[in-house]
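Reader: Hey, got a minute to go through a structure with me? I'd like to ask a few quick things about it.

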There are 2 protein chains.
Amino acid sequence: MILQKLLGVEFPIIQAPMAGVQGSALAVAVSNAGGVGSLPCAMLGLDAMRQELAVMKAQTTKPYNVNFFCHAQPEFDASRDSAWRQALSPYYIEYGIDANAILPGPGRSPFSAAAADVLEEFKPAVVSFHFGLPTAELMARVRRWGARILSSATTVEEALWLEAHGVDAVIAQGFEAGGHRGSFLSEDISAQVGTFALVPQIVEAVKIPVIAAGGIADAKGIAAAMALGAAGVQIGTAYLLCAEATTSAVHRAILKSDAARVTAMTNLFSGRPARGIANRLMREIGPMSATAPAFPLATAAIAPLRAKAESLGKGDFSPLWAGQNTSGCKEVSASILTRELAAPLQNAR
Amino acid sequence: MILQKLLGVEFPIIQAPMAGVQGSALAVAVSNAGGVGSLPCAMLGLDAMRQELAVMKAQTTKPYNVNFFCHAQPEFDASRDSAWRQALSPYYIEYGIDANAILPGPGRSPFSAAAADVLEEFKPAVVSFHFGLPTAELMARVRRWGARILSSATTVEEALWLEAHGVDAVIAQGFEAGGHRGSFLSEDISAQVGTFALVPQIVEAVKIPVIAAGGIADAKGIAAAMALGAAGVQIGTAYLLCAEATTSAVHRAILKSDAARVTAMTNLFSGRPARGIANRLMREIGPMSATAPAFPLATAAIAPLRAKAESLGKGDFSPLWAGQNTSGCKEVSASILTRELAAPLQNAR
C-alpha cells in the first residue's frame, strides 16, 4: 500500500499521460474510479493548460497527475531540416504538398517557470516528468505545494539518478512501453531493457517505490508486475480505445486490427525514439533515421503528410503510439476499465 | 501442473541450452534436481554428441532435453566474406593476425538424419529446436520414440506456426533473453517483443502450454511469468556462473561486473542476432552489421581475434552471451540453484 499512501489514491494504477490522444476527460474518469488520472501537458499552451486544469478541478476531488516533458530545446539546424525534407520529398510529390510552404510546427515545450505559475493555481497532488527532471529551482516550486514528483527511468542508472535528484517514486519504463522513451542519460536504443528485466533490477537498486510500465495490459499483468517487486503500475495503451480518449478514428481502427501486433521504436515523428505501430513511413524509411531533426523539430515536416493521409482515412504518416501489448484495449469508459484492472487488488485486501 | 506432466518432471523449469558455455554436467545437475536439464548440440560433432549423451545416460535417470538448431546452411559468399575481413582488418593488424591464414570455422550444423540416428540410441524425453523446426520427416523420427518437442517463438505468428507444425509446447522467447534469437519467420529485429508483452499474447493465441523465457532470474520472476499465464519457464543466464557450466574465466569475470548491465542484440559473432554483453567489437562496429556473413559463417573471421584477446584476459572479441537480467547469477551448483528457483513452487503445493 506504499504507493497508494504516497499518492493518496485507492489503487496503485496510474493512467499513463499520452499527449495527443487524451485530455482532461480521460484523467477525470480514471481519478474518479480510484486510480491516478494523468493530464499530459507537453503539447498544451499555457491557456489550454489552464483550461484543462479548470476542468479537472471542477470534475474531480481526487488526486490526479499532471505530466511535462523536460527536454532542452535544440537549435534549429537548417541543413539537417533540409536533408530531412529531401528524404520526404517523394511523399510531398505524391500528395501534392509544397515542401517550401511547410511552417515549423508549434512542437512541444519543456516545463517552465510560466507553466509552474499556472500549476500553482491548481496545486495538483502529483506531477510527473519525462526525459529526466527540470532544474532544482523548478523542482522546489512544485514541492512547495506538496506535490509528489515522479519520473521515468529506462535503465538502472537513470533510476539511481532520479532517486538522487529527489523523485518520490520512479517509473520503470520497459522496452515494451508505447510512446516516447523517457531516456535521458543515454541515447543508445540498442541497450533498452524489457520490463521483465528492468523492474526487478530497479527495485533492487533504489529505496523509493517503483512503478512498472510497458506491456501491462490487464489484471494479470498487474499481478506479474507486483510479483517482480513493483509497488504499482502505469498503463497507457489499454486506455487508447476508451470513450474518454481523443484517439483519432484512424488510430483506433489500426489499434483494433492485426497490424497493432507489430510496433517499433521510431524517431521519425518527433526526433526522439518512441514506440508506435509500424506504418508505411516507418517501413519505407526505416523506423530510426539519423537524418530526422532533433526532438521536437522533426514533427513539422511530417505534419502536412499526416493531415493529408488521415483525411483519406490512412495512418501512413501518423504517429500510431502504442505499446507491444494491445490485448487490453477496450471500448468502454475509462472508469469501467480502471475498476476492472483493480478488481483483483480489491479482492486481495 | 500441465507442463510437469507433459515433460515428466517435478518442476516446470527448463535450463536453457547454451552452446559454448555448458555441456552434460550442467544438464545432469538440473535434471537430477527436478528441472529439465538441456544439452546443446548445435556445436557438437556426432561423436562428441554421442559421448555427451552417454554421460547423460550414465548420470541421470530423469528426463532431459537435447537441443538443436535447424537453420538452412547458407552458400559461402566470397565477396561478403572479404568485405567482412576488410572491416575487421584494423583489429587483425593490432593483434598481428594474418587475415589470409584464417580458416573457415567448423561453425554450427543444423539437425540432420545422422543426428537423429545418434539420438535414437538414447531416446531423450525432450527435444527442443531453435530457428523453427526440421523437416516433417525428421520431426516424425523424433516423435517415434515418444519425445516431446519444443521450439522457440519470438512473435505470436511464430507461436501459431509452431503449434500448427506439431510442437508440444512453445517457448515464448522475449526480447530480454540472452543468446540467439529463435526468430524464423522474420529477420526484423526492430519488431522483437519483450517477455511481458509476448507471453500473455502467445498464451491467448495458442492451446498448447507456453514456456516463458527472457529476463527470468529468480523465484519472483517465475511467479511473475506464471501470473502472465506461462505453464513454465526457461532460464539460461542465471546458470552461467554455476560450477557445472563451462563459461570461460573472461566471460565469468564480466558477468560479475557492472558491464553486465548493458547488453545488446548483435550479429557480429555468428551472423544471426543474439544478445550478449556489450564489448569493444560491438561498441566500435555497432552491434548489428549488414556486412557480417550469414549465420553461421561470421564466426570464422572473429575466432582468431577472440582467441588472442581471451589469452590476454580480455572479452573484447568474445560473444559474451547473457540476457538483460544477470541478477540471478550465482556461483553455486546448478542443483542448488534449481532447488532455490523451485522452492516457492514446492511450498505452494
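Author: Sure, let's talk through one residue, the chain contact and the core; keep in mind that this is a predicted model.

Reader: Okay, where is B:Pro273 found?

Author: B:Pro273 is in a loop of chain B, between strand S10 (263-266) and strand S11 (274-277).

Reader: And is B:Pro273 buried or exposed?

Author: Buried, because B:Pro273 has 20 C-beta neighbours inside 10 Å, and 20 or more is what it takes to count as buried.

Reader: What is B:Pro273 in contact with, leaving aside neighbours within four places in sequence?

Author: B:Arg181, B:Ile189, B:Met265, B:Thr266, B:Asn267 and B:Met288. As for B:Ser190, its C-alpha is 11 Å from that of B:Pro273, with their positions 83 residues apart in sequence.

Reader: Switching topic: how many residues does the contact take from chain A and chain B?

Author: Chain B gives 34 residues and chain A gives 34 residues. On the chain B side, helix H8 (195-205) and helix H9 (219-227) each supply at least two residues. The largest share there is six residues, from H8(B).

Reader: How do the residues on that side of chain B divide?

Author: Into 17 nonpolar, 13 polar and four charged.

Reader: Last one, the core. Which residues touch the most other members of the largest nonpolar core?

Author: A:Val170, A:Ala172, A:Ile211, B:Ala172 and B:Ile211, out of 226 residues in that core. Not counting residues up to four places away in sequence, B:Ile211 touches, among them, B:Leu3, B:Ile14, B:Ala172 and B:Val233.

Conventions:
Residues are numbered from 1 along each chain as its sequence is written. Chains are lettered from A and ligands numbered from 1 in the order in which they are written. This is a predicted model: local features need pLDDT of at least 70, side-chain atom pairs count only at pLDDT 80 or more; totals for chains, interfaces and linings use all residues. Helices (H or I, at least four residues) and strands (E, at least two) are DSSP runs, numbered from the N terminus. A residue is buried if 20 or more other C-beta atoms lie within 10 Å of its own, exposed if 12 or fewer, and partly exposed in between; C-beta atoms are placed from the backbone. Two residues are in contact if their C-beta atoms, placed from the backbone, lie within 7 Å. Ala, Val, Leu, Ile, Met, Phe, Trp, Tyr, Cys and Pro count as nonpolar, Asp, Glu, Lys and Arg as charged, and the others, Gly among them, as polar. A nonpolar core is a set of buried Ala, Val, Leu, Ile, Met, Phe, Trp, Tyr and Cys residues joined through C-beta atoms within 7 Å.
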